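Q: I would like a close look at one part of this model, with its surroundings described as well. Please take it strand by strand.

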Amino acid sequence: MVTKKDISKASSFLDHSNASSEGIEEKWAASNEQWWDWYLSLAQNRDEDAGPEISLDPLPSLSPPSMNELSQEHKTAYSLNPEAIEFFQREGFVKLKQVCSPASLLMLRGALDTLFQKAVGKAPAMGFPSLEMMWTIDPIARLFVLSQRLAQIAADLLGVDSVRLYHDNALSKLPGCGRTPWHYDAHHYPIASENVITVWIPLQPTPKGMGPLSFAKGIECWRQVADVPFSKFDDSYDRGIIQALSAGKVPIEDGPFELGEVSFHHTRSVHTAGPNRSSMARVALATTYIETGSRLINSPTLISGDFEKFMPGIQPGDPIESPLNPIIYTRGEGP
Ligand SMILES: O=C(O)CCC(=O)C(=O)O
Ligand SMILES: [Fe+2]
């Protein structure tokens with residue numbers, strides 16, 4: 001679990017002279033990996049919520065698809081039913097089964113394991129290592145991140161004609177790692193658009209005790225937590241959201257994900273993830289898409305992380321269309 005010492009370590013590169021509860025006007029001066037360490041340090045982790053360790057079946061051994069088969073899979077349209085679109089537009093998220101083949105997900109997990117090991121030397125024993133922009137270096141990650149199949153679902157759920165890539169993130173919640181704090185992404189994304197969506201792709205079957213992404217139901221739910229003061233130093237923002245959701249009796253979807261199932265969440269969806277109480281890393285690929293034409297906000301803040309890495313050269317107020325933000329799907333152009 002994250003301790004007080006971890007919190008002070010994670011926030012050591014923040015400007016402590018501005019200790020007001022918000023105080024986020026400064027720019028993020030560290031890496032996006034450190035951003036996630038800091039962000040997880042803002043979650044409430046009570047001993048009484050920890051629960052017993054859960055046991056898992058070993059991952060199935062499936063023969064990996066060829067690169068050609070994987071590429072074909074991501075060029076094939078998913079049949080998205082109208083109820084799923086209605087659900088997303090009402091609740092702010094939707095979980096969809098059989099979006100990716102189990103063998104391809106295990107293949108991606110293997111590729112990311114190699115990247116994690118390269119990035120951190122040897123695998124860290126604890127915490128929440130993350131990687132980003134993997135599509136620029138790994139051919140398997142590239143097929144998933146630039147997938148027309150996934151981007152079409154994103155465009156259909158948002159009801160837009162074209163989407164660009166904002167970024168990809170691989171998030172490895174290691175055994176013993178605590179909760180991801182409640183938040184909604186629009187609170188930290190420096191994007192001046194409501195048409196922003198993230199697909200969260202778990203790379204193993206993910207039972208409840210492993211920390212599946214979990215959602216407060218209702219696209220307007222963020223309004224109930226919008227007044228909770230953000231704190232960059234402690235878990236008071238997370239605790240404030242927990243209180244607001246409980247006072248509003250907001251229903252929570254925190255069920256497991258089977259292998260092949262993914263979720264899509266809107267930038268206003270209020271979400272969290274539980275601790276990983278298993279002995280296996282909970283690895284997920286989260287890819288975020290923006291409607292083509294979306295712009296960088298005028299004044300990015302600390303909680304935006306090192307966003308310039310995701311859109312080099314883009315100035316405040318400009319459309320986000322750097323070479324790292326390719327158009328992935330345009331209606332009428334396939335898949
Ligand atoms: O994987 C997690 O625990 C958090 C992911 C998340 O918040 C996101 O992808 O928006
Ligand atoms: Fe998020």
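How many bridges join E5 to strand E8 (residues 262-266), and in which sense do the two run? Please start there and work outwards.

A: This is a predicted model. Four bridges join E5 to E8, and the two strands run antiparallel. Within this pairing, Thr198 of E5 has His265 of E8 opposite it.

E5 covers residues 196-202, and seven of its seven residues are buried, which leaves the strand mostly covered. The burial can be followed face by face. In a regular strand, side chains point alternately to one face of the sheet and to the other. On one side of E5 are Val196, Thr198, Trp200 and Pro202, and on the other are Ile197, Val199 and Ile201; all of these are buried, so that both faces of the strand are covered.

E5 also pairs with E10, the strand of residues 282-291. Here seven bridges join the two strands, again in an antiparallel run. Val196 of E5 stands opposite Ile290 of E10 in this pairing.

E8 resembles the description of E5 in its cover: five of its five residues are buried. Val262, Phe264 and His266 point one way from E8, while Ser263 and His265 point the other way, and every one of them is buried. Besides E5, E8 pairs with strand E1 (residues 93-96), in the antiparallel sense and over four bridges. In that pairing Val94 has Phe264 of E8 opposite it.

E5 also takes part in the surroundings of ligand 1. The shell around this ligand consists of Leu171, Lys173, Thr180, Asp185, Thr198, Trp200, Leu213, His271, Ala273, Ala284 and Ala286. Strand E3 (162-173), E5, E9 and E10 are the elements that give two or more residues to it. By class, the shell has six nonpolar residues, three polar and two charged. Thr198 and Trp200, which belong to the shell, are on one side of E5 together with Val196 and Pro202.

Another part of the shell leads to a second group of strands. E9 belongs to an open sheet of four strands, in the order E4-E9-E6-E7 and with antiparallel pairing. Strand E4 (180-183) and strand E7 (252-253) each have a single partner strand and stand at the edges, so one side of each has no neighbour in the sheet. Inside the sheet, strand E6 (residues 213-216) pairs with strand E9 (residues 271-273) in the antiparallel sense, over three bridges. Leu213 has Ala273 in E9 as its bridge partner, and both residues are also in the shell around ligand 1. Helix H9 (residues 236-247) packs on this sheet, where it touches E4 and E6, and its direction makes about 55° with that of E4.

For the setting of these parts, the protein chain has nine helices and 11 strands. Its radius of gyration is 19 Å, close to the 20 Å given by the globule rule for 335 residues, so the chain is as compact as a globular protein of that length. The C-alpha trace spans about 50 × 50 × 45 Å along its principal axes. Buried residues make up 44% of the 335 residues. Of the contacts between residues at least 6 apart in sequence, 86% join residues at least 24 apart.

Definitions and conventions:
Residues are numbered from 1 along each chain as its sequence is written. Chains are lettered from A and ligands numbered from 1 in the order in which they are written. This is a predicted model: local features need pLDDT of at least 70, side-chain atom pairs count only at pLDDT 80 or more; totals for chains, interfaces and linings use all residues. The radius of gyration is taken over C-alpha atoms; the globule rule is 2.2 Å times the number of residues to the power 0.38. A residue is buried if 20 or more other C-beta atoms lie within 10 Å of its own, exposed if 12 or fewer, and partly exposed in between; C-beta atoms are placed from the backbone. Two residues are in contact if their C-beta atoms, placed from the backbone, lie within 7 Å. Two strands pair if DSSP finds at least two bridges between them. Axes are lines fitted to C-alpha atoms, for helices over the stretch in contact, and angles run from 0 to 180 degrees between N-to-C directions. A residue is near a molecule or strand if its C-beta atom, placed from the backbone, lies within 6 Å of it. Ala, Val, Leu, Ile, Met, Phe, Trp, Tyr, Cys and Pro count as nonpolar, Asp, Glu, Lys and Arg as charged, and the others, Gly among them, as polar.
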